[in-house]
Amino acid sequence: MDNPFKGSDVVSVLDFSRRDLELLFEYADRAQRHAGSKLDALRGKVVALAFFEPSTRTRFSFEVAAKRLGADVISVSGEEATSVAKGESLADTVRMLDAYSDLIVVRHRYEGAAKLAAEIAESPVVNGGDGWQHHPTQAMIDLYTVLKLFGTIDGLNYALLGDLRYGRAIVSFLYGLTRFRPGAVYLVSPEPLRPRREVLAKLGELGFKCEATCSLEPIIGEVDVLYVSRVQKERFPDPAEYERLRGSYVVNLRTLSRAKPGLKVLHPLPRVDEIAHEVDGTPHAAYFYQASLGVPVRMALLSLISGVEI
Amino acid sequence: MSSEVSRFARIRSGTVIDHIPAGRALEVLRALGISGREGYRTIVLMNVESRKLGRKDVVKIEGKLLDSREVALVALAALSATISTVEDFEVRRKVRVSAPDEVEGLLKCPNPTCITNKEREPVRSRFRRVGGRPVEYQCAYCGTMVRLE
């Protein structure tokens, strides 16, 4: 089968088709079968992790994925720790990393940073999150999680609850859903956190149907997947606006009392207070399982980009 | 252009930018980087009568011809404009501007956290046209949409 990932940049999940993502999921299944063991697939390769913005899960899971595949890892984390603090441009840092490595993962608070890095670097560039725009590998993990939980992504009813304006993970998940045939898709958020105009324009262009609503309550009974995201404090131009909106939605046992027994709650983490801890022990909570799939999906992606079998 | 306006101020050779929406002549000049210190004899007519637009602005620049980049800049500042090349008081060529499909380095992305607005980053803004009427452009880096009047 053709490998469309080989040598490719991964800037947006929209760069990939359903078929591409299904190939990735097959590789993620294979990676899961190797859980706990170290492979030689990327022996001799160097993966550069350039995280100019805080990260826990994404950076660690890329690092573990690369090491499990036998690659060496070099990393830059936090703007203060590098030449960036001395005023070096992203472009120059990327050129340097390009010379030292075979693949670069970039996270940056500026939208378009990964696209710029991809234009500059000869090595493939993977977007580990650029501002409020894209987080394609999180979307891949989230779709894979749904597939593992339900055996399908198609035909399910989805509610995406939270910061659809500044949340790159939740919007990337939405973009990812456009590659499949979901049932109903509800975008649930207070008015100021509705998706940006360009996101709605893209959905319109793709002919993707979804419904915006302010309240989860009337629809919770028909939802299979409830995807929750936090209000993105760091992206709010006005801190007072953030304070006004934080806590404007909370998923707790009362919220879930009228849900289908099989409803699963996903969250890209970290959470603040949008999912009460009392939900963690219920069969609905799937967010820690979701986080655990970060390594196999990123192993799959790294091996496909590098054109190696696992 | 009405004969009244023509009588008011003519140029021998250069460029006449006509049918600028009323009140936007200074934006056109700013887009062309003309501040007045370049030495061009420049005539600016604002809010003059127009059959097509009701009111319009007109800019005449003596001794300057516009290149394709400058024509695109005029289009982005004033979509209804026409550009005439004048030689010896005669109009030799007249074109209606049209919004280009792609523009590089001409529009500033309004999103402050777009990579094209990052200090010391060697990257030019790049927009592609996404809408017919109203004319809209989308930033190739951050996706922000900009509507032109």
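# A tour of three interfaces

Start with chain A. Its domain assignment gives domain 1 (13-135 + 294-306) and domain 2 (138-291). Keep in mind that this is a predicted model. Colour the two domains separately. Their centres, taken over C-alpha atoms, are 25 Å apart.

**Stop 1: between the domains of chain A**

Select the residues where the two domains of chain A meet. Domain 1 of chain A brings 28 residues into contact with 31 residues of domain 2 of chain A. Together the two domains bury about 2,600 Å². Carbon and sulfur atoms account for 61% of that area.

Next, show side chains and look for charge pairs. There are 3 salt bridges across this interface. To see a salt bridge in chain A, select Arg168(A) and Glu53(A). Their side chains meet with an N to O distance of 3.1 Å. Now turn on polar contacts. Between domain 1 and domain 2 of chain A, 12 residue pairs are in polar contact, both residues at pLDDT 80 or more.

Which elements of domain 1 of chain A give two or more residues to the side that touches domain 2 of chain A? Select α1 (18-33), β3 (103-108), β4 (125-130) and α11 (294-306) of chain A. Then stay on α1(A), which gives the most to this side, with 8 residues. Colour that side of domain 1 by residue class. You will find 10 nonpolar, 9 polar and 9 charged residues.

**Stop 2: between chain A and chain B**

Bring chain B into view. Select the contact: 18 residues on chain A and 21 residues on chain B. The buried area between the chains is about 1,600 Å², and 52% of it comes from carbon and sulfur atoms.

How many salt bridges cross the interface of chain A and chain B? The rule finds 2. Zoom to Arg126(B) and Glu119(A), which form a salt bridge. The closest N and O atoms of this pair are 3.0 Å apart. Widen the search to polar contacts, and 9 residue pairs turn up between chain A and chain B, both residues at pLDDT 80 or more.

Now highlight three helices of chain A: α3 (90-100), α4 (113-120) and α7 (197-205). Each supplies at least two residues of the side of chain A that touches chain B. The largest share comes from α4(A), with 4 residues. Colour this side by class as well. It divides into 7 nonpolar, 5 polar and 6 charged residues.

**Stop 3: between the domains of chain B**

Hide chain A. Split chain B into domain 1 (3-96) and domain 2 (102-148). Here the centres, again over C-alpha atoms, are separated by 26 Å. Select the contact, which takes 5 residues from domain 1 of chain B and 6 residues from domain 2 of chain B.

The two domains of chain B bury about 520 Å² between them, with 83% on carbon and sulfur atoms. Which three residues supply more than any others of the area that domain 1 of chain B buries against domain 2 of chain B? Select Arg69(B), Leu76(B) and Leu79(B), which supply 83% of that area.

Finish with charge pairs and polar contacts. Across the interface of the two domains of chain B, the rule finds 0 salt bridges. For polar contacts the count is 0 residue pairs, with both residues required at pLDDT 80 or more. By class, the side of domain 1 of chain B that touches domain 2 has 4 nonpolar, no polar and 1 charged residues.

Conventions:
Residues numbered from 1 in each chain as written. Chains lettered and ligands numbered in written order. Predicted model: local features only at pLDDT ≥ 70, side-chain atom pairs only at ≥ 80, totals over all residues. Heavy atoms only, no water. Domains from an automatic or database assignment. Contact = heavy atoms within 4.5 Å. Buried area = accessible area lost by both parts, 1.4 Å probe. Salt bridge = Lys/Arg side-chain N within 4 Å of Asp/Glu carboxyl O. Polar contact = N/O pair within 3.5 Å; in protein donor to acceptor, adjacent residues only side chain to side chain. Nonpolar A, V, L, I, M, F, W, Y, C, P; charged D, E, K, R; others polar.
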